[in-house]
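The following exercises ask the reader to work from a three-dimensional model to statements about burial, pairing of charges and open space. Each task is followed by a solution in steps.

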Amino acid sequence: MKMPSLRDSLAYEGFPQATRRVLEHVESCQGETGGNLGALVDEFVHFRALPHHTGLNALQELQLLQILSDYFGVKTNVGVARSVFMVLFGTRGGSDRLTDHKVKLLGKLVSMCIATQHEMVLDCTAFWILQEGATSPPVLALLNSIIQDYCMLMPGTLDTLQKVDKTSPSFACQFVTIVTGLYQLKPDTSSRPPPALLEVIAEWIAGNPRICLSSLRDAKGAVPVTPIPGLCHWCIKSPLVREAERSSQEEAMMYSKLHLGVLQSLLAAQTTAPNTELLPVSTVQEIVADLHLLVQTSGKGEAAQVAVERLAQVMQVAMATGSTQLSRKQVAGMYSQLPENRLLTLILSYGGEG
């Protein structure tokens, strides 16, 4: 008599036992790749492999989320947990209904794990973001889902999101990196972050500036991706964007907190990530170009001076700590595009051509 295949055995057991068995099977197949493993995950975790399968109902989906949470909750080997997580949620650059389903399920899992402060799932999600790419459609969809849940639909749960930086600094770091890319404070758009989201990020960075460096642990020689360039856009351009849109004083204070946090992050990098390019020259060039346009709109008043002063401070600290390849010669080339500023002049006059 022929022994039933694993797939047949799982189909006989059905949800939820089949899902639990697949998770253990994926873990036992560490390092293996191939269509068979992916097919089992698609069919018995995502329930999307068969055309006639209707998927899980709402109650079963909640049970699935709990199964996933429980599974990762008992894992102590980060490498194993990450590997299984990528098999479950890696999109492999796909853009189809299965990818959409994975991202939606992951969004629900992450929202639940933010509420329960589930360190392993949040850490694995940070790794997933790093692998997928901060600007990839799946990652942007995931972050938009979290922002909707915690900042738009349920603003009363904001204090829960505020605790994430202590539960998973790596997730907080990736979260801020992507958010600053979504809301860039460009002069020709109103791409400002929601006040609730700005408040969370300002508290994170002010409370622990080293969060900005958390992603460097997994960079492994790759070009560093941190929130620092995006945060520089925010804190430097905010005085002019705020003036144009008449924002509140509370918002001004939050951007001031962020600015101080960025400077402290660059200073901390001297010991934790020496000679790492955290402020690319291209970022400074983009900010200068945006400031030039904003000054033309808002004038050369006090807000413009605050913005240029912050830019000068960031450049000064980044150059002093070896966190940028920006030279004074390059700064001099940008000087004519900005309103005259005493600190910027001092930077140019100190240290010659360097």
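**Exercise 1. Determine whether Thr91 is buried or exposed, and describe its surroundings.**

Step 1. The model is a predicted one. Thr91 has a relative accessibility of 6%. The cut-off for a buried residue is under 20%, so Thr91 counts as buried.

Step 2. As to its place in the chain, Thr91 is found in the loop between α5 and α6.

Step 3. Neighbours within four places in sequence are set aside; Thr91 is then in contact with Thr99, Trp128, Glu132 and Pro138.

Step 4. One of these partners, Glu132, also takes part in a polar contact: its side chain and that of Thr91 are joined at 2.6 Å.

**Exercise 2. Classify Lys104 by accessibility and state how far its C-alpha atom lies from that of Pro138.**

Step 1. Helix α6, which covers residues 97–116, contains Lys104.

Step 2. The relative accessibility of Lys104 is 60%. Since exposed means over 50%, Lys104 is classed as exposed.

Step 3. Lys104 and Pro138 are 34 residues apart along the chain, and 9.2 Å separates their C-alpha atoms. Pro138 is also among the contacts of Thr91.

**Exercise 3. Identify the partners of Arg7 in salt bridges, and state which residues form one network.**

Step 1. Side chains of opposite charge can pair when their charged atoms come close. A search of the whole structure yields nine salt bridges.

Step 2. Arg7 forms a salt bridge with Asp8, with an N to O distance of 3.6 Å. Arg7 is partly exposed at 32% relative accessibility, and Asp8 is partly exposed at 41%.

Step 3. A salt bridge also joins Arg7 to Glu43, at 2.5 Å from N to O. This pair links distant parts of the chain, with Glu43 in helix α3 (residues 35–44) and Arg7 in helix α1 (residues 6–13), 36 residues apart. Glu43 has a relative accessibility of 10% and therefore counts as buried.

Step 4. Lys75 and Glu27 provide a further example, their side chains meeting in a salt bridge at 2.8 Å, N to O. Here too distant parts of the chain are linked: Lys75 belongs to the loop between α4 (58–73) and α5 (78–89), Glu27 belongs to helix α2 (residues 17–28), and their positions lie 48 residues apart. Lys75 is buried, at 17%, whereas Glu27 is partly exposed, at 22%.

Step 5. Through salt bridges with shared partners, Arg7, Asp8 and Glu43 form one network.

**Exercise 4. State the volume of the largest pocket and describe its lining by position and by class.**

Step 1. Rolling a probe the size of a water molecule over the atoms shows where empty space is left. For the largest pocket the computed volume is about 550 Å³.

Step 2. The lining of the largest pocket consists of 25 residues; those nearest its centre are Thr177, Gly181, Thr226, Pro229 and Gly230.

Step 3. At least two lining residues are supplied by each of α11 (169–182), α13 (228–245) and α15 (281–298). The largest share, five residues, comes from α11.

Step 4. Sorted by class, the lining comprises eleven nonpolar, ten polar and four charged residues.

Conventions
Residues numbered from 1 in each chain as written. Predicted model: local features only at pLDDT ≥ 70, side-chain atom pairs only at ≥ 80, totals over all residues. Heavy atoms only, no water. 1 Å grid on protein atoms, 1.4 Å probe; cavity = no way out; pocket = protein on both sides within 12 Å on 5 of 7 lines; lining within 4 Å. Points joined across faces, edges and corners; volume = space filled by probe spheres on them. Helix = DSSP H or I, 4+ residues; strand = E, 2+ residues; numbered from the N terminus. Nonpolar A, V, L, I, M, F, W, Y, C, P; charged D, E, K, R; others polar. Salt bridge = Lys/Arg side-chain N within 4 Å of Asp/Glu carboxyl O. Buried < 20%, exposed > 50% of the residue type's maximum accessible area, 1.4 Å probe, protein only. Polar contact = N/O pair within 3.5 Å; in protein donor to acceptor, adjacent residues only side chain to side chain. Contact = heavy atoms within 4.5 Å.
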